[in-house]
Structures are given as structure tokens and as C-alpha cells.
Amino acid sequence: MTAEMNEARPLLQLLNVSISPKKTPSRLLVNDVSFSIAAGKTTCVVGESGSGKSLTALSVMGLLSKQLQLTSGKVIFNDGLLNGKKSAEQDLTLLDEASLRKIRGAKIAMIFQEPMTSLNPVLTVGYQIGESLTTHLGLKGDTLKAKIASLLEMVGIPPSRANSYPDELSGGQRQRVMIAMSIACEPRLLIADEPTTALDVTVQAQILKLLDELKTRMNMGMLFITHDFGVVADIADNVVVMFRGEIVESGTKEEVLGNPQHPYTKALLDCVPDAEGKKPLKPIDYAWLKNTELKESGLNEDKGA
Amino acid sequence: MSNIILQANRLVKTYTQRSGKFGFGTTLVRALDDVSISLTEGKTLAVVGESGSGKSTLARCLLQLQPLDSGEVLFAGQDLAKLSGSDLRAVRKNLQMVFQDPFASLNPRMRVGEIVGEGLLIHQLGNAAEQQKKVIAMLKRVGLTEADMQKYPHEFSGGQRQRVGIARALVLQPKVVVCDEPVSALDVSIQAQILLLLKELQAEMALSYVFISHDLRVVRHIADDIVVMNGGKVVEQGKVEDIYQHPQHEYTQNLLAAIPGKKAVNA
């Protein structure tokens, strides 16, 4: 897409991904979505509820619900060098469940929206962070304990809290625990599905900063799903805008936020209240949008490619 | 011009929380600690703060949905806490609330027509035909249709449900509406629609709003005055422009600094 992305093989490439319910394969919930993520970069997928942004993320991990299917498309994962030898590109959609399980948590990790419901309430947070370390890296005993402590420290939680249960932590701390779990095996790609939506603004700012630092330090690629353009402006390198299951616009943050091309992107940006309160709010006029879209459908095809 | 329509003086509300081993001990949590606010007629007063700051408790206490420990809430000069049940009910017609969660705040077993019309029924305003007329007019005003009266809440999207919640509050033609995070559960595009609707209705019906929110970007758009709460206390209050441009208290400064996307992207 951009020159920057071409110079190295991207970490993850979605090629023409379409998703539909198994019962009605003609009804595409995600339609022909393609984009890529480079190592050390953050790609934000933005859209309203029902735009297909979460489904797209789940399809990368092979975690689509049983009622849904990947109708077409490839998810090419290229984690570069591994154990000294060059690992080939893999199409994640072709892997069986056992091979996927080896990748999930180890090379691709995910953070979910709800820090309250994504942790197991009857296990200590230390145990939960350690689980993937034992499974994927075979760590045990004191090495495991030391690793858990250092992970907690990395996300800004006192290591002594390893023995706490999730209900003893605040929302922001729980999300930090989720982050510690997800980065435990130093994944190449981190998928974050609205990780800060449920948090207070000040906590949100801390978590975004933490994710950004970790991304740089570990040279991870990040697929960040959000509906908040403020968050996009803070964290994204590249932006993909989705509407009704399709990508309507994609590009660098500066291109998409600074000079939006598609009428939907413009309309969506117009409903975001700005911090200065100078810009009048303008809700999306969907009927108008439909007409404009038809007129400018040339632009549409162009961006989908 | 500046008539104070709703005034709260030195509100205190404490909750007891179980603590210690097996919850045998109790500790007092001060949800409202000497909070005083005043709402000017026809204006919007925003109450901002993070979770646990006491802003929702304040909303509920203003409407006497929860008893206060001490302090008074004056509506048009009357202390609401001193009113008897029937007198309070009569005043409540003028004080309505729009709730945060459009999914949980509407009775799933009632049709939208019944939900919106219930207040008219309770306050015995007009006969059945008049009530129905009012309900239909209100639904149309908030962007729904007459046919929607027969539907149940689950048949609507989040934004539409919030419209039902607004119609329910406004059909009684209240003077003061307390909105508790009315747009936090909605998509930005829907959020913009609802904010504009609230603003239009305010002008048309001469409403005064208490607007509870954690989103300072939203508040900037809708509020005239702001109260910043932290830990049950008011840390700062004043005009919107003053607070945004010259926040005095450290907590307000932190809140403003944490707004995502402050560094505008202009390529």
C-alpha cells in the first residue's frame, strides 16, 4: 500500500477476507477485506458497531464463532526469523486447530475489551499469566515465578500482586494483567479489541502509553480495534476504516485523519466531538451517504484493492 | 436571566461497605462529601469525574431516588427532602431522568407506547385519547414513528432505545432533566445524533439539564457550566470555557490531559 510497507515483508497480511454465516453464505458480514500490518507498527481498524471490525480480528486468530465461516481469503502470517532459521510464510486459515493453538498466545496474542469478564475469577492473576509461559515455553518453578514478577513489573503492577485474585484489582489493573498475559511469550503480533473502552480516561491514557511502549520495545505489530478517533490519533501508524463489512478507506494516520477521501470517513470524523468544542457536531446522514457512495463508487473499488 | 432552578446544598451521602475478614467489619464510603451545585434555568450543568467519583450518586440524590444523609435539594425554592410522598410525586413530574444503559432501563415486557405513556397515566394528565396523542407527538419528535408504539424495546437499536428513554422523560414536559451518561453506550455517529436531539429539545421545551458524563469531549459540546468531582468531592466548578482553558485543580488538569487525540492530526 505505502512505500514503507513494501520494503519489508509485512508481519500479517489479510488478503480478500470474507466472512458469512454458515447458514446464509451469500450474506457477507465482512466483504473482501485486505490490509497488512508491519512489525513495530500499529494498524487501527475503526468503524461503528456492526461494521465487522471485531470479526476481522477474530478471523486472524481462527476464533470465529461456530455459526460463522471464512468464505474466502487468506491470512498470511510471516514472523521472520525463528530459532535462527528463516520461517516460511503461513496461511493461518489453512492450519488445523492444533497448529493454531501453538501460534495463539505464543506468536499472536489478543487482548479483549472487558477486563472484568476475560479473567478467570477463581485463579490468581499470577497463575493466569504463567499459564501460557508453561504451555508454550515450558517454564516451571522459580524461573516461572521470576518471569511472572518481571512481567507484572513491566505493566506497572507490584510483583507482590501475583497472588491477588482478579476481583481484588481495579479495572485498569485488570487490563494491565491482561496485557501482561498477552505479552508473556513475546508475541510478534498483538491484537487488541477495544482494550480501553471500559476504562476511565486517565487510565485509558496510561494503558495506551504502555501498549505503545511495549510495541516499540518488543518490535511487535499491533492490530488495534477501536471506534474512538481520539485513540486512533494517539496510537495508530496506519488506519483502516470499515463500514458495513467493507473497507472504505485505508492509509497512514495522517492521510486518513488529516485528509479523508471517502464520504463515510469524513462523515464519521464529523460526529466526533473535539476537545476544543469549536467544530459543530454533524451526525451521519446515511441516506445521503448511500447516494454519494453510489456516485463515487469508483473511489470505493480503488480503495478496496 | 440567571434563575437558579435546582440547587443542592452541602449534600452528604455515605454507604457502608463490608470489609475485613469474611466481611464482618464495615467501613463508611463517602460517596458525596459536602457537595453543592446549582443549575441555572435553561442551561446545562455537566458533572464530570471518573468511576467512583460520586457523580451517579449525585444524580440519584438530586431526584430523591436515594435518601440523603444530610443537605438539601431545592427545586423552585422547595426542599425536596422535606416533601411528603404525594407532594414529592407531584414535583417529580418536573424532574425527570434519562439513564445510561438503553438496554437495561426499559422494561422488556412493556410496549414502547406504554413505557412512554406511563408517566402520563401515573400523573393522570388528560384522558386516554389525549395521552395517546401526546405519546405519538413525543415519539415523532424524538425521531420515532407512531407504529413504534406497538413494539417492544428489544426491537430497537441502542440509539433508538435511547430516543425512547428521552421521550419517556420528556413527555411530562419536565423543567429539569438529569441525564446520567446518556450517550456513553452509543457509537460516535449515534452519539452525535442524540446530543443534537437533546440540544434541540432543550431550546424548544426550555429544559435545564444536569448532564453526568466522563467524556470531556462530549461535555465540551453540550455544557454551559461544569462541576468536576473526585472522590465524592467537588474539586472545581465554573464556566465551560474557563475550566477547559484554565483548569485550576490538578485533578482537572490530569483529566483534560488524558483526553485521547488532543494532539490534533493535521496532515
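Me: Which residues of α4(A) are buried?
Reply: In this predicted model, a residue counts as buried if 20 or more other C-beta atoms lie within 10 Å of its own. The residues of α4(A) that are buried are Val125(A), Gly126(A), Gln128(A), Ile129(A), Gly130(A), Ser132(A) and Leu133(A).

Me: Which helices do the buried residues of α4(A) pack against?
Reply: The buried residues of α4(A) include Ile129(A) and Leu133(A). The helices of chain A against which the buried residues of α4(A) pack are α5 (141–154) and α6 (171–183).

Me: How far apart are the end C-alpha atoms of α4(A), and what span should its 13 residues have?
Reply: Helix α4 covers residues 125–137 of chain A, and at 1.5 Å a residue its 13 residues should span 18 Å. The expected span uses one less than the number of residues. The distance between the end C-alpha atoms agrees with this expectation, since it is also 18 Å.

Me: Which residue follows α4(A), and what is the sign of its phi?
Reply: The helix α4 of chain A is made of residues 125–137. The residue that follows α4(A) has a phi near 70 degrees, which is positive, and this residue is Gly138(A).

Me: How many of the residues of strand β3 of chain A are buried?
Reply: Strand β3 takes in residues 42–46 of chain A and is mostly covered. Thr42(A), Cys44(A) and Val46(A) point one way from β3(A), while Thr43(A) and Val45(A) point the other way, and all are buried. In a regular strand the side chains alternate between the two faces of the sheet. The number of buried residues in β3(A) is five of five.

Me: In which sense does β3(A) pair with β10, and which residue of β10(A) stands opposite Cys44(A)?
Reply: The pairing of β3(A) with strand β10 (residues 221–226) of chain A extends over five bridges and is parallel. Within this pair, the residue of β10(A) that stands opposite Cys44(A) is Phe224(A).

Me: How many bridges join β3(A) to β11, and which residue of β11(A) stands opposite Val46(A)?
Reply: Strand β11 (residues 238–243) of chain A runs parallel to β3(A), and the two are joined by four bridges. The residue of β11(A) that stands opposite Val46(A) is Val241(A).

Me: What is the order of the strands in the open sheet of four strands in chain A, and which are its edge strands?
Reply: The open sheet of chain A has antiparallel pairing and the order β2-β1-β4-β7. An edge strand pairs on one side only, and the edge strands here are β2 (30–37) and β7 (90–91) of chain A.

Me: Which residue of β7(A) stands opposite Phe77(A)?
Reply: Strand β4 (residues 68–77) of chain A runs antiparallel to β7(A), with two bridges joining them. The residue of β7(A) that stands opposite Phe77(A) is Gln90(A).

Me: How many residues does each chain give to the contact between them, and which elements of chain A give two or more?
Reply: The contact takes 31 residues from chain A and 27 residues from chain B. On the side of chain A that touches chain B, the residues divide into 14 nonpolar, eight polar and nine charged. The elements of chain A that give two or more residues to this side are α7 (201–218), α8 (229–235) and α9 (253–258).

Me: How does the radius of gyration of chain B compare with the value from the globule rule?
Reply: Chain B contains nine helices and 10 strands. Its radius of gyration is 19 Å and the globule rule gives 18 Å for 267 residues, so chain B is as compact as a globular protein of that length. Along its principal axes, the C-alpha trace of chain B spans about 60 × 55 × 50 Å.

Me: Is Arg10(B) buried, exposed or partly exposed?
Reply: Arg10(B) lies in strand β1 (residues 4–19) of chain B, and its phi is near 50 degrees, a positive value in a residue other than glycine. Because Arg10(B) has 13 C-beta neighbours inside 10 Å, its class is partly exposed.

Me: What is the average pLDDT of chain B?
Reply: In chain B, 96% of the residues score at least 70, while the model as a whole scores ipTM 0.75 and pTM 0.81. The average pLDDT of chain B is 89.

How values were computed. Residues numbered from 1 in each chain as written. Chains lettered and ligands numbered in written order. Predicted model: local features only at pLDDT ≥ 70, side-chain atom pairs only at ≥ 80, totals over all residues. Contact = placed C-beta atoms within 7 Å. Nonpolar A, V, L, I, M, F, W, Y, C, P; charged D, E, K, R; others polar. Buried ≥ 20, exposed ≤ 12 C-beta atoms within 10 Å, placed from the backbone. Pairing = 2+ DSSP bridges. pLDDT = per-residue confidence, 0-100. Rg over C-alpha atoms; globule rule 2.2 N^0.38 Å.
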